[in-house]
Amino acid sequence: MATDLENLPGVGPATAEKLTDNGYDSFQGIAVASPAELSNTADVGESTAHDIIQAAREQADIGGFETGASVLQRRERIGKLQFQIDEIDEMLGGGVETQSITEVYGEFGAGKSQITHQLAVNVQLPKSVGGLGGSAIFVDSEDTFRPERIDEMVRGLDDSLIEAAMEDRDIEGSATDEAAVAELIDTFLDYIHVAKAFNSNHQILLAEKAQEIASEHEDSEYPVRLVCVDSLTAHFRAEYVGRGELANRQQKLNKHLHDLDRLGNLYNAAVLVTNQVQSNPDAFFGDPTKPIGGNILGHKSTFRMYLRKSKANKRIVKLVDAPNLPDGESVMRVEGAGLKPE
């Protein structure tokens with residue numbers, strides 16, 4: 001790939017190697033970068049970086065205007081990852097979209113991490129049964145990832161889904177065959193790439209590293225089709241305290257979100273981020289809960305879902321914002337076997 005990059009003006013072997021090492025290993029990846037970003041990465045001047053980006057855009061054939069019909073045709077590539085809960089999937093217009101950022105926010109214990117685990121399982125199901133036939137990347141900032149939950153959730157799938165996954169992976173057996181199910185669970189765990197983020201800078205670095213993993217697996221049997229960040233804002237909230245740090249925090253959060261958005265668009269992956277909440281003291285009526293991150297996150301999230309507790313193990317899932325869907329509410333249950341309809 002580095003040899004191809006050397007065809008760009010101003011890119012020699014050393015620059016190509018730097019670009020590749022930092023995840024810019026395709027014309028498309030370079031085409032959507034900013035000159036300042038590329039200048040820092042490749043150690044070249046901004047004018048040279050601008051020329052490199054322009055040439056990459058020509059090679060990748062992006063950056064121009066197109067008709068609405070062309071946009072519609074391109075959107076047909078977008079996948080829909082199902083919750084396997086009819087009421088929620090209908091509310092989301094078929095499921096969680098690839099090439100978009102979906103934000104799930106709610107108070108502690110509402111079930112945000114349960115959703116990330118469940119979708120890390122569901123994304124691996126064949127497309128014919130509502131999955132995306134791909135693998136998942138899980139950036140864990142709150143020590144929430146538990147392989148035991150993946151085990152329980154795979155076992156909790158409907159028998160027809162388990163057997164569809166077995167057939168897809170050439171595993172002989174049925175949903176009642178313990179050895180076959182155990183083998184299936186091992187393969188599901190193999191296709192979830194997990195990294196623990198120790199601080200906000202490390203989290204940003206992991207998002208860049210995730211692009212390398214997506215690139216490596218792009219032409220594999222199970223390309224990356226889901227990127228989970230649980231939670232997006234925890235480290236930023238803890239490290240940037242007080243109004244004086246707000247601008248710096250929002251700037252870094254904005255860059256992080258753009259990295260995730262680019263990852264989703266370049267590799268046709270769904271990006272799912274969870275978010276913490278705070279109480280709004282100005283709210284005299286209604287629910288005072290509001291998500292962290294301000295307008296930066298509000299504008300960048302394509303879909304926003306609010307998760308709140310109900311009676312026992314029931315959870316209310318509210319679609320707060322979507323570009324092409326009406327607001328709505330659904331109910332699900334959080335069980336040992338995963339997320340289930342009411």
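**Notes on the predicted model**

1. **Cavity lining.** Sorted by class, the lining of the largest cavity comprises four nonpolar, two polar and two charged residues. Please keep in mind that this is a predicted model. The residues concerned are Lys80, Leu92, Gly95, Val96, Glu97, Thr102, Phe303 and Met305. With the classes used here, Leu92, Val96, Phe303 and Met305 belong to the nonpolar group, Gly95 and Thr102 to the polar group, and Lys80 and Glu97 to the charged group.

2. **Cavity size and source.** How many cavities of 30 Å³ or more does the structure hold? There is one, and the volume of the largest cavity is about 40 Å³. Two strands each give at least two residues to its lining, namely strand 2 (96–97) and strand 10 (303–309).

3. **Glu103, a buried acid.** You may like to look at Glu103 next, in strand 3 (residues 101–105). Is this residue buried or exposed? Glu103 has a relative accessible area of 0%, so it counts as buried. Its side chain has polar partners: one polar contact, at 2.5 Å, is with the side chain of Arg304, and another, at 3.2 Å, is with the side chain of Ser301.

4. **Around Glu103.** Setting aside residues up to four places away in sequence, Glu103 touches Val273, Asn275, Pro291, Leu297, Ser301, Phe303, Arg304 and Met305. Two of these names come back from the cavity: Phe303 and Met305 are among its lining residues.

5. **Helix 12, its geometry and cap.** Helix 12 covers residues 200–216, which makes 17 residues. From first C-alpha to last it reaches 25 Å, close to the 24 Å expected at 1.5 Å a residue. What caps its N-terminal end? That is Asn199, with a side-chain oxygen 3.2 Å from the backbone nitrogen of Asn201.

6. **Helix 12, its packing.** The buried residues of this helix are Ser200, Gln203, Ile204, Leu206, Ala207, Ala210, Gln211, Glu212, Ala214 and Ser215. They pack against a mix of helices and strands. The helices are helix 2 (13–21), helix 13 (234–239) and helix 14 (246–266), while the strands are strand 4 (135–140), strand 5 (192–196) and strand 6 (224–230).

7. **Helix 8, an enclosed helix.** Why can helix 8 (residues 112–122) be called largely enclosed by the rest of the structure? Because ten of its eleven residues are buried. Those ten are Lys112, Ser113, Ile115, Thr116, His117, Gln118, Leu119, Ala120, Val121 and Asn122. One of them, Ile115, lies 19 Å from Lys290, C-alpha to C-alpha, with their positions 175 residues apart in sequence. Lys290 itself sits in strand 9 (residues 289–291) and is partly exposed, at a relative accessible area of 34%.

8. **Leu19 in helix 2.** Helix 2, one of the packing partners of helix 12, contains Leu19. The relative accessibility of Leu19 is 0%, so this residue counts as buried. Apart from neighbours within four places in sequence, its contacts are Leu5, Val11, Tyr24, Asp25, Ile30, Leu38 and Ala42. Thr67, 48 residues apart from Leu19 along the chain, is separated from it by 32 Å, C-alpha to C-alpha.

9. **A cis peptide.** Do check the bond between Asp230 and Ser231: this is a cis peptide bond, with omega at about -5 degrees. Ser231 is located in the loop between strand 6 and helix 13, and both of those elements pack against buried residues of helix 12.

10. **Positive phi values.** Two residues other than glycine are worth a look here. Asp43 has phi near 60 degrees and belongs to the loop between helix 4 (35–42) and helix 5 (46–60). Ala312 has phi near 50 degrees and belongs to the loop between strand 10 and strand 11 (314–321). As for accessibility, Asp43 is exposed at 60%, and Ala312 is exposed with a relative accessible area of 74%.

11. **An exposed alanine in a helix.** Ala179 is part of helix 11 (residues 178–190). Its relative accessible area is 55%; since exposed means over 50%, Ala179 falls in that class. Its C-alpha is 23 Å from that of Val123, and the two are 56 residues apart in sequence.

Notes: Residues are numbered from 1 along each chain as its sequence is written. This is a predicted model: local features need pLDDT of at least 70, side-chain atom pairs count only at pLDDT 80 or more; totals for chains, interfaces and linings use all residues. Side-chain values use heavy atoms; hydrogens and water are left out. Helices (H or I, at least four residues) and strands (E, at least two) are DSSP runs, numbered from the N terminus. The expected span of a helix is 1.5 Å times one less than its number of residues. Buried means under 20% relative accessible area, exposed over 50%, partly exposed in between (1.4 Å probe, protein chains only). Contact means heavy atoms within 4.5 Å. A polar contact is a pair of N or O atoms within 3.5 Å; within protein, one must be able to donate a hydrogen and the other to accept it, and residues adjacent in sequence count only if both atoms are side-chain atoms. On a 1 Å grid over the protein atoms alone, a cavity is a set of points where a 1.4 Å probe fits but cannot get out, and a pocket is an open set with protein on both sides within 12 Å along at least five of seven lines; lining residues have an atom within 4 Å of a point. Grid points are joined across faces, edges and corners, and a volume is the space filled by probe spheres set on the points.
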